[in-house]
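Me: Please take a close look at the aromatic pairs in this model. I would like to know which rings pair, and where they sit in the chain.

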Amino acid sequence: MKPKRRRSLNGVWDLHNENGITKIPINIPGTVFEALLSNDLISDPFYGNNEHNVSHVYNENWIFEKKFDVDEELLFYSNIILQLDGIDTISQVELNDKILGTTENMFLQYEFNVKEVLKAKNNNLKISFRSPIFVASQYVNNFNINLKNFEGVSGVPYLRKAQYSFGWDWGPCLPDIGIWKSVSLIFFEDIRIDSYYIDLKFNYNNDPSKITDTKNLTSLMVNSVKIDIQINLRTSSNRNLKENIYLKCNLTAPDKISHEKTIIIQDQFPSIEFQIDFPYLWWTHDLGIPNLYDLEISIEQNGRIIDSKKEKVGLRDIKLIRKPDKWGETFYFQLNGTPLFAKGANWIPIDSFIPRGRNKGLIELNIENALQANMNMIRVWGGGVYEDDLFYKTCDEKGILVWQDFPFACAIYPIHKEFIENVKEEAIYNIKRLRNHPSLAFWCGNNEIEQLWKFLLQISGLINPDIIKNYEEGYLSLFKDILPNLTKEYDPRHQYWPSSALDKFEGSKILSSNPNNPESGDSHYWYVWHGGASFKSYRNFDSRFMSEFGFESFPSMKTIKNFCPTEQLHFDSQIMENHQKNKAGNKKIHQYMKKRFGIPKKFEQQVILSQLTQAEAIEYGVEHWRRNRNEYHCMGTLYWQLNDCWPVASWSSFDYYGRWKALHYYAKRFYTPLFPSVREENDKVEYWITNDLRTSENYILEWKIFNSANELLKKDFYEGIISPCSSKLLGIVNVEDINNSKEKAQQNIIFYTLKKDKSDTSYLYHGMKLFGAPKKIQMQDPKIKWDFIPSESGNTERVIKIKIVSEKIAYYVYIDSDVFDFKASDNFFSMGPGESRVITLWKLNPLDKSQMDLLSLKKEHFYVKSLFDLIS
């Protein structure tokens with residue numbers, strides 16, 4: 001039997017529209033928008049208002065063609081399959097003028113038998129795409145029900161296509177068309193590996209469910225793990241399974257010790273079992289090392305490999321724990337027996353044109369940014385896509401868990417049989433594709449459909465009670481029967497949750513309970529921002545798990561200048577409004593900023609203050625919920641949102657180009673595993689420390705209270721040991737004597753630091769809290785001085801260090817450059833009187849590489865400023 005062969009059909013194809021006027025080359029994987037941009041046939045949709053000038057692209061039909069030859073010997077294989085890993089979305093596939101079939105699901109891999117059609121020379125593969133807008137309108141006409149997406153675009157829910165591409169409250173309407181993943185020919189004889197599933201059973205030295213004292217988590221360990229590798233084979237004839245064909249599995253540990261077994265294949269579903277004592281466990285990066293084993297599965301005959309799969313796999317035990325308690329019901333993840341506080345953000349697609357973003361390295365860049373901000377979980381939001389394999393592999397390697405939504409969001413979806421069968425195929429394919437990744441935490445059915453049900457009925461014009469009942473039954477069938485049963489069948493190790501936000505799985509009808517009930521389940525809290533509530537509202541919402549909450553800001557001025565001309569650099573300009581997709585979003589930014597900081601005259605200063613307002617808002621919430629981790633009261637904060645798909649004012653903590661906003665620097669601080677925090681009131685101050693680690697930790701928390709005249713009013717410190725996975729109230733300090741009026745309280749500032757030992761010369765954490773709004777402070781010039789710290793290696797490694805000294809209190813110190821991009825070890829921080837800080841800048845990249853390089857770096861290329869410079 002000959003070994004399986006694969007022939008890639010990626011590379012240069014031909015692209016033309018239906019009328020043949022436009023004919024251009026296109027690189028596959030790739031899309032129509034990418035090809036038109038690279039051939040200068042359209043203006044950049046990300047610039048100005050150009051988004052609205054390119055609608056003809058997605059209103060047209062497009063044809064992709066590839067001419068190719070194959071080695072004649074390949075034609076003698078028993079089976080030849082055309083494999084399409086990702087087609088976006090509605091197309092007809094032809095090879096050599098024979099119609100192979102159609103595609104109608106962006107999220108599904110398609111395979112077509114081309115054994116009788118393929119030839120050695122002059123093959124022509126043709127994929128003809130229909131306009132998604134036209135197809136959506138056809139569905140509306142056919143079913144006479146105008147289902148709409150979140151932004152009110154007709155017919156979109158009928159399409160199994162990324163919903164965000166038709167516009168969202170942070171993204172443009174640019175529904176792309178094309179071949180977004182690889183195209184291959186597969187040649188094999190009568191047997192190949194379809195998929196495999198790794199079932200794991202862990203034997204602990206202590207039962208994690210019986211641990212009540214978190215100190216005992218330190219000694220908790222896995223004595224052994226039983227591994228059952230269940231393989232699903234594809235074969236055209238069971239007769240071939242009797243021809244001494246062997247299945248071989250090799251599992252190699254991080255220490256290079258291998259475990260190997262070989263069996264004779266007797267049916268299509270063979271399995272191989274291992275037991276590993278004292279295994280290398282996969283952990284999130286904050287709790288341990290994300291250890292990975294090398295797994296190789298191969299089919300062999302007569303010493304020859306017929307087919308094989310090689311993957312990196314992790315051994316870990318993940319559970320969603322829901323147990324009744326005094327508040328309602330817990331909702332938290334337990335990793336290898338350890339209760340994990342999830343710290344992270346929501347992930348949206350990396351680009352409006354996904355293959356371009358992948359080629360730019362945005363998957364790796366964005367995950368690295370999350371890691372650097374101490375995140376241990378990312379939620380893949382339901383309005384996007386099941387992410388690329390590279391996304392999950394990178395999360396595996398970095399030790400970041402993934403909350404995986406099925407791609408349904410903020411819409412009522414069809415209930416007809418063909419749609420449901422299409423979704424079933426999609427779900428099975430992707431469950432099998434993703435289930436063995438150690439980073440996968442669990443599956444969630446959809447985003448906010450249950451929470452928004454009444455609103456969604458309204459925007460789709462559904463008022464007939466009988467029709468509404470049909471859609472309610474369809475919702476319950478899909479999200480509370482079909483999808484949970486499919487995940488249970490194909491991935492029993494991972495739990496399923498029907499919708500986010502939701503308080504409980506049970507219930508025979510929609511809205512049988514409060515989907516956003518803080519006593520159980522997960523919560524989306526939007527009274528801050530959408531509701532206009534103050535930051536302090538976060539402290540009144542004691543959620544079990546905060547899976548969405550957010551606040552908007554503008555991106556970096558460097559980014560804004562990439563899409564907006566100078567004459568339109570103001571809040572309410574046409575272009576700035578176009579790059580703000582949330583209705584009245586810029587007005588909300590303005591209002592919140594005015595309450596907290598005031599509005600400076602210069603637009604550049606407004607941009608920075610918008611970021612500081614955003615950062616302080618999210619910090620306010622995270623601090624509160626992290627203090628609530630005891631007894632599993634709150635066990636997760638995933639803010640909205642991590643990234644952008646284009647340059648825009650949004651809720652993201654870094655922008656489309658990867659430039660960190662103030663929020664991302666704040667997140668790096670407020671997601672640190674050993675975390676001090678302050679809860680300030682006018683009459684008292686609470687000092688807290690939170691420990692998310694598996695070990696007890698020493699701490700010394702020092703605090704000082706100054707007034708705005710730089711006079712020290714109070715100081716003290718707390719020293720002790722905090723248990724693993726816990727929060728601790730260190731003390732309550734009465735401040736009525738120094739805050740004896742509202743006006744005096746507004747002039748007082750708390751500075752606090754954390755270190756582990758008295759001998760430590762550096763601090764793990766620096767924090768600052770105000771009793772009032774920053775605009776109320778009688779501010780003095782902090783007289784900041786700074787300079788480079790000389791480096792023996794020069795700047796060739798794209799790393800420099802600077803020392804900053806502040807003579808007086810410096811509020812919200814920030815470092816920036818108009819000629820370099822960089823990341824900083826810290827930024828947007830405050831300094832007490834006489835304080836000095838050393839900051840490392842790395843990944844230095846000149847904006848104009850033709851005029852600037854690292855060797856010509858000078859002090860005048862950077863500036864260090866503070867709030868004093870922004871409002872004075």
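Reply: What follows covers the aromatic pairs, then a charged patch on the surface. The model is a predicted one. In it, the count of aromatic pairs comes to 73.

One of these is the pair of Phe150 and Trp168, which is stacked, with 5.2 Å from centre to centre and 20 degrees between the planes. Phe150 lies in the loop between helix H3 (132-143) and strand E12 (166-168), and Trp168 belongs to strand E12, so the pair ties together parts that are 18 residues apart in sequence. Phe150 counts as partly exposed because its relative accessibility is 23%, where the buried class requires under 20%. Trp168, at 4% relative accessibility, counts as buried.

Tyr639 and Tyr671 also form a stacked pair, with 6.3 Å from centre to centre and 10 degrees between the planes. This pair links distant parts of the chain, 32 residues apart: Tyr639 is in strand E33 (residues 636-639), and Tyr671 is in the loop between helix H14 (662-670) and strand E34 (674-680). Tyr639 is buried, with a relative accessible area of 0%. Tyr671 is buried as well, and its relative accessible area is 0%.

Ring pairs also build a cluster, which joins Trp526, Trp529, Phe535, Phe551, Tyr592, Tyr620 and Trp651.

As for the surface, Lys594, Lys742, Lys775 and Lys776 form a positive patch. Of these, Lys594 is located in helix H12, which spans residues 585-596.

Terms used:
Residues are numbered from 1 along each chain as its sequence is written. This is a predicted model: local features need pLDDT of at least 70, side-chain atom pairs count only at pLDDT 80 or more; totals for chains, interfaces and linings use all residues. Side-chain values use heavy atoms; hydrogens and water are left out. Patches are made of residues with over 30% relative accessible area and no salt bridge: like charges are joined within 9 Å, nonpolar side chains (Val, Leu, Ile, Met, Phe, Trp, Tyr) within 5 Å. Accessible areas come from the Shrake-Rupley method with a 1.4 Å probe; for residues, only the protein chains shown count as cover. A salt bridge is a side-chain nitrogen of Lys or Arg within 4 Å of a carboxyl oxygen of Asp or Glu. Lys and Arg count as positive and Asp and Glu as negative; His and the chain ends are not counted. The place of a charge is taken as NZ of Lys, CZ of Arg, CG of Asp or CD of Glu. Helices (H or I, at least four residues) and strands (E, at least two) are DSSP runs, numbered from the N terminus. Rings of Phe, Tyr and Trp (its six-membered ring) pair if their centres lie within 6.5 Å; planes under 30 degrees apart count as stacked, over 60 as edge-to-face and the rest as tilted. Buried means under 20% relative accessible area, exposed over 50%, partly exposed in between (1.4 Å probe, protein chains only).
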